[in-house]
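These are my notebook entries on a protein model, written down in the order in which I looked things up. I begin with a single residue and work outwards from there.

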Amino acid sequence: MASGFFAILDDIAALMDDVAVTSKLATQKTAGILGDDLAVNAEKATGFLSSREIPVLWAITKGSFINKLIILPIAFLLNWLYKPAIEVILILGGLYLAFEGVEKIIEFLFHRPKKGYEVVEEITVEEDSEESEKSKIKSAITTDFILSIEIVIIALGTVIQENHPLLTQILTVTFVSFIATVGVYGIVALIVRMDDAGFKLIKKSNDKGFFGKLGHFLVKALPIIIKLLGVVGTIALVLVSGGIFAHNIHYLHELFPTWPSILKEFTLGLVGGLAAVALFTIGKKIYSLRPRK
């Protein structure tokens, strides 16, 4: 009986070793999408009142965990039943990401500049609105869902290529998904609380010495980082979508073979986003012309 017990422990240790090695490989392959995930979600998790930042971020984090719980079993089931379905889902998700990214670019380039009273009214109506907060949380969770699909599929593809048993595949992909959520939103939480940390350092140091200067640096750096993340997040949406198109549509994969991959992916994402925005705009116009009862 003792030998059987130790044999089980040995099997568990071997399984955990396989999971650790495969998880490291899968994490390396998803590093790029995790970086994009961080940029996109940091941009979406900002712009709230200071007192609401952590509750909002926690709501998005819970939504991200739920996304993973939905995606993981579906991904394994589809991989078993009909593998091409995963590619179709990825492409549809890529169109959504491209739409979001290009819509932000269009809004930045062509929106009408707002005057003082309009900005005050917008802050009053939108920024402090509970409905606006719920809408932003929903948008962030939806975007996370698409990015989570990409993370899960890449991790799953890695373990399948390594020909690991099903149990190892399930444990590895689940672990990578968990680490992705904790890592991304943990870093986002640190970013959005930079100014509070800065104010505390200023107060505790009586605005003197190294810690006082560090506190001022953190306070001044946060708006710059937020704006930078907004730009990086938008570019990341276009790049991720372009990468999805390039890797999952054979014709596009073979297109422009001499182009650098980043330029090719950005171009494909931009074109896909423009097409998605055009279709959405046309559909919206047609819907608005419908007979009203």
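**Entry 1: a threonine in a helix.** I started with T172, which I found in helix α7; helices here are DSSP runs of H or I with at least four residues, strands are runs of E with at least two, and both are numbered from the N terminus. I then asked whether T172 is buried or exposed. T172 counts as buried because its relative accessibility is 0%, where buried means under 20% relative accessible area, exposed means over 50%, and partly exposed lies in between, with a 1.4 Å probe and protein chains only. I also looked up its distance to A155, and although the two are 17 residues apart along the chain, their C-alpha atoms are separated by 7.9 Å.

**Entry 2: what kind of model this is.** I note that this is a predicted model, in which local features need pLDDT of at least 70 and side-chain atom pairs count only at pLDDT 80 or more, while totals for chains, interfaces and linings use all residues. Residues are numbered from 1 along each chain as its sequence is written, and side-chain values use heavy atoms, with hydrogens and water left out.

**Entry 3: the whole chain.** I counted eleven helices and zero strands in the protein. Of its 293 residues, 38% count as buried. The accessible surface comes to about 17,700 Å², and 71% of this belongs to carbon and sulfur atoms; such areas come from the Shrake-Rupley method with a 1.4 Å probe, and for residues only the protein chains shown count as cover. I also looked at contacts (heavy atoms within 4.5 Å), and among those between residues at least 6 apart in sequence, 80% join residues at least 24 apart.

**Entry 4: the nonpolar cores.** In soluble globular proteins, nonpolar side chains tend to be buried together. I therefore looked for nonpolar cores, meaning sets of buried Ala, Val, Leu, Ile, Met, Phe, Trp, Tyr and Cys residues joined through side-chain atoms within 4.5 Å. The largest core has 22 residues, and L90, L97, V152, I153, L156 and V173 are the ones that touch the most other members. Which elements give two or more residues to this core? They are α3 (50-81), α4, α6 (130-161), α7 (166-192) and α9, and α6 provides the largest share with nine residues. Leaving out residues up to four places away in sequence, L156 touches A75, F76, N79, Q169 and V173. There is also a second, separate core of nine residues, with V56, L57, A140 and V184 among them.

**Entry 5: a threonine in α9.** I turned next to T234, which lies in helix α9 and counts as buried because its relative accessibility is 12%. Not counting residues up to four places away in sequence, T234 touches G101, K104 and I105.

**Entry 6: aromatic pairs.** A pair of aromatic rings is described by the distance of the centres and the angle of the planes. Rings of Phe, Tyr and Trp (its six-membered ring) pair if their centres lie within 6.5 Å, and planes under 30 degrees apart count as stacked, over 60 as edge-to-face and the rest as tilted. By this rule I have four aromatic pairs. The pair of F210 and F211 is edge-to-face, because the ring centres are 5.4 Å apart and the planes stand at 75°. F210 counts as exposed at 59% relative accessibility, whereas F211 is partly exposed at 49%. F256 and W259 form a stacked pair, with 4.1 Å from centre to centre and 10° between the planes; F256 is partly exposed with 32% relative accessible area, and W259 is also partly exposed, at 33%.

**Entry 7: positive phi values.** F256 came up again, for it has a positive phi of about 50° although it is not a glycine, and it lies in the loop between α10 (250-254) and α11. N206, likewise not a glycine, has a positive phi near 55°. I found N206 in the loop between α8 (194-204) and α9 (209-248), where it counts as exposed because its relative accessible area is 59%.

**Entry 8: a nonpolar patch on the surface.** Last, I looked up a surface patch formed by I106, F108, L109, F110 and L274, which together have about 570 Å² of accessible area. Patches are made of residues with over 30% relative accessible area and no salt bridge, with like charges joined within 9 Å and nonpolar side chains (Val, Leu, Ile, Met, Phe, Trp, Tyr) within 5 Å; a salt bridge is a side-chain nitrogen of Lys or Arg within 4 Å of a carboxyl oxygen of Asp or Glu. Helix α4 (residues 84-110) gives the most to this patch, with four residues. L274 has its place in helix α11 (residues 261-288) and counts as partly exposed, at 44% relative accessibility.
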